[in-house]
Amino acid sequence: MGDENATTNNYKMFMFFNRKFKIRELSPPPDVKELFSKFAAGADVIVEEEFNGPIKHEVHHDMTAPLSHYFIYTGHNSYLTGNQLISDCSDVPIIRALEKGIKVIELDLWPTSSKEDVQVYHGRTLTAPVTLVKCLKSIRKHAFVKSSYPVVITFEDHLTTKLRVKVAELVTQIFGDILYYPKLEDPMTEFLSPEALKHRIIISTKPPVVGEGNDKDSSEKSEVSDSDREAESKAAVDIKPVQSEAPEYASLITIHAGKPRAGLKEALEVGEKVRRLSLSEQKLEKAAEDHGADIVRFTQRNILRIYPKGTRVTSTNYKPHVGWMHGAQMVAFNMQGRDKLLELMHGMFRANGGCGYLKKPAFLMHRGPNNEVFDPKRTLMATKTLKVKVYMGNGWRLNFSQTHFDRFSPPDFYTKVYIVGVPADCVKHKTEIIYDEWMPVWNQEFTYRMSVPELAILRIEVRDSDRSDKDDFGGQTCLPVSELKSGIRHDIYSEEGASGVDSGLTKINDQFI
């Protein structure tokens with residue numbers, strides 16, 4: 001549309017008939033009028049997010065605990081621009097991820113055809129490679145744009161010994177003093193804290209051992225990617241000192257990824273030294289059935305990384321809460337798309353000032369007198385009540401064409417309000433549909449009771465009802481329930497969903513019971 005002074009919408013039908021729809025000038029709901037009356041009288045209230053956002057904008061979690069005490073914003077195959085099979089590899093998605101606040105970047109390292117250099121791409125696919133040098137330089141430049149807390153680079157290593165030495169040289173030259181790695185005498189019985197690692201880059205990968213490379217292309221001996229090998233059998237119960245095939249490379253590894261010598265239960269045993277274990281989403285779900293408490297106990301000191309199953313060739317994602325419920329720090333997501341699950345991930349990490357690190361809930365770190373830990377299968381009592389009142393929406397008329405949603409009439413908007421969290425807390429409500437209206441008024445309130453609000457996400461989504469086709473997407477936002485502030489919110493629909501949606505009024509009240 002674009003004409004703010006228009007009083008009607010005109011829609012042409014069948015070349016001969018015009019349908020006219022009057023544009024209503026809406027009066028604010030009583031609660032909103034009261035709010036502005038208080039503001040006019042000098043009260044410290046306002047709906048603009050810049051001054052009174054729904055969550056805090058500052059880092060406010062304790063950042064002095066070991067890394068294993070935090071959920072970390074984690075990317076999967078961070079170099080891919082699209083799908084997992086034929087898309088280009090580039091440093092651009094790496095830069096975008098870092099600018100959004102992602103703190104774990106994954107690079108798959110492969111030899112070039114000459115075996116003289118290192119490139120990054122998704123092995124045994126048609127993805128076009130990018131040079132490792134370009135990726136490392138971009139990480140160096142953009143690592144701390146969003147926050148000063150450490151960036152972890154996970155290498156999936158398919159290299160010869162000679163090329164590992166080359167990688168060590170590149171990493172030390174490009175990162176210089178901001179590269180952190182432990183001293184040789186460091187026993188690595190506990191990870192450092194995000195606070196202690198501010199403005200530092202750290203490396204995580206499997207240390208190479210004697211006989212592993214023999215200066216042959218290690219990729220020739222592997223039927224599957226390193227991630228898939230990890231899925232089958234990751235992480236030794238304890239990291240024992242071994243002679244490295246490339247000591248220059250091995251010495252730069254801060255977070256060791258080992259391999260098990262037996263089954264999953266043995267791999268989850270907590271040894272003296274800390275390490276990283278990786279599981280696919282499928283392996284995690286299977287492990288959670290029989291070893292839920294063991295996983296929670298493992299993640300209290302060690303790091304667990306979850307990654308998408310190999311069949312997600314279109315770079316879709318999986319439910320992150322299974323990992324979070326079990327204390328998994330690195331729930332790795334494909335960041336190049338815009339699916340609902342990815343929006344949930346982005347919403348979760350808006351918490352703690354968007355710094356990329358969230359302190360895990362205390363119940364995931366607690367141990368009882370008999371070494372008992374949180375049982376993810378146990379149903380807990382509700383501890384928090386959240387009330388969400390959806391007033392109205394505005395902005396579509398000015399930022400979308402008249403026929404963007406419906407060809408012959410104004411949109412038929414409705415709002416869906418979700419709580420996404422542990423299974424017992426997941427609930428969805430829906431407002432009534434407001435037909436033929438660019439500025440819908442719903443004025444409906446919904447109540448939610450939650451047992452684990454620390455892991456709950458509030459998702460608000462607007463759609464246009466369509467009887468003959470899929471309902472059109474109108475906008476959305478995702479917010480961490482644990483940080484919601486009571487009040488009336490404006491601009492609640494994010495640009496990620498519908499660019500230009502500039503107004504949505506929602507009232508949020510929460511209380512612990």
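**Exercise 1. Find how helix α4 and helix α5 are arranged in this predicted model, and which residues join them.**

*Solution.* Start with the axes: those of helix α4 (residues 132–142) and helix α5 (residues 161–175) come within 10 Å and cross at roughly 30°. Angles under 35 degrees count as roughly parallel, so α4 is roughly parallel to α5. Next, look at the handedness: the crossing of α4 and α5 is right-handed.

Now list the residues that meet. From α4 come Leu-132, Val-133, Leu-136, Lys-137, Ile-139 and Arg-140, and from α5 come Val-167, Leu-170, Val-171, Ile-174 and Phe-175. Finally, sort the residues of this contact by character: nine are nonpolar, two are charged and none is polar.

**Exercise 2. Work out how the rings of Tyr-73 and Phe-349 are placed, and where the two residues sit in the chain.**

*Solution.* Begin with the total: the protein has twelve aromatic pairs. Tyr-73 and Phe-349 make up one such pair, with 4.5 Å from centre to centre and 5° between the planes. Planes under 30 degrees apart count as stacked, and this pair is stacked.

Then trace the chain. Tyr-73 lies in the loop between β3 (70–72) and α3 (92–100), while Phe-349 lies in the loop between α11 (340–348) and β13 (357–359). The two residues are 276 residues apart, and their pair links distant parts of the chain. Last, check burial: both Tyr-73 and Phe-349 are buried.

**Exercise 3. Describe the pair formed by Phe-400 and Phe-405, then name the aromatic cluster that includes these two residues.**

*Solution.* First take the pair: the ring centres of Phe-400 and Phe-405 are 5.4 Å apart, the planes make an angle of 55°, and the pair is tilted. Phe-400 and Phe-405 are both buried. Now widen the view: Trp-396, Phe-400, Phe-405, Phe-413 and Trp-438 form one aromatic cluster.

**Exercise 4. Look at the backbone of Asn-77 and of Ser-315, and decide whether each residue is buried or exposed.**

*Solution.* Take Asn-77 to begin with. Asn-77 is not a glycine, yet its phi is positive, at about 45°. Asn-77 is found in the loop between β3 and α3. With a relative accessible area of 2%, Asn-77 is buried.

Move on to Ser-315. Here too a residue other than glycine has a positive phi, near 65°. Ser-315 is placed in the loop between β11 (303–307) and α10 (321–325). Its relative accessibility is 3%, so Ser-315 counts as buried.

**Exercise 5. Build a picture of the surroundings of Tyr-180.**

*Solution.* Locate the residue: Tyr-180 is in the loop between α5 and β8 (201–205). Buried means under 20% relative accessible area; Tyr-180 has 16%, so it is buried.

Next, find what Tyr-180 touches. Leaving aside residues up to four places away in sequence, Tyr-180 touches Asp-186, Leu-192, Leu-197, Arg-200, Ile-201, Ile-202, Leu-252 and Thr-254. As a last step, compare two backbone positions: the C-alpha atoms of Tyr-180 and His-199 are 9.5 Å apart, and these residues are 19 residues apart along the chain.

**Exercise 6. Step back: how many helices and strands does the protein have, and what share of its residues is buried?**

*Solution.* The protein contains 13 helices and 21 strands. Of its 513 residues, 56% count as buried. For contacts, consider those between residues at least 6 apart in sequence: 74% of them join residues at least 24 apart.

Definitions and conventions: Residues are numbered from 1 along each chain as its sequence is written. This is a predicted model: local features need pLDDT of at least 70, side-chain atom pairs count only at pLDDT 80 or more; totals for chains, interfaces and linings use all residues. Side-chain values use heavy atoms; hydrogens and water are left out. Axes are lines fitted to C-alpha atoms, for helices over the stretch in contact, and angles run from 0 to 180 degrees between N-to-C directions. Helices (H or I, at least four residues) and strands (E, at least two) are DSSP runs, numbered from the N terminus. Angles under 35 degrees count as roughly parallel, over 145 as roughly antiparallel, 65 to 115 as roughly perpendicular and the rest as oblique. A crossing is left-handed if the near helix is turned anticlockwise from the far one by less than a right angle, and right-handed if clockwise. Contact means heavy atoms within 4.5 Å. Ala, Val, Leu, Ile, Met, Phe, Trp, Tyr, Cys and Pro count as nonpolar, Asp, Glu, Lys and Arg as charged, and the others, Gly among them, as polar. Rings of Phe, Tyr and Trp (its six-membered ring) pair if their centres lie within 6.5 Å; planes under 30 degrees apart count as stacked, over 60 as edge-to-face and the rest as tilted. Buried means under 20% relative accessible area, exposed over 50%, partly exposed in between (1.4 Å probe, protein chains only).
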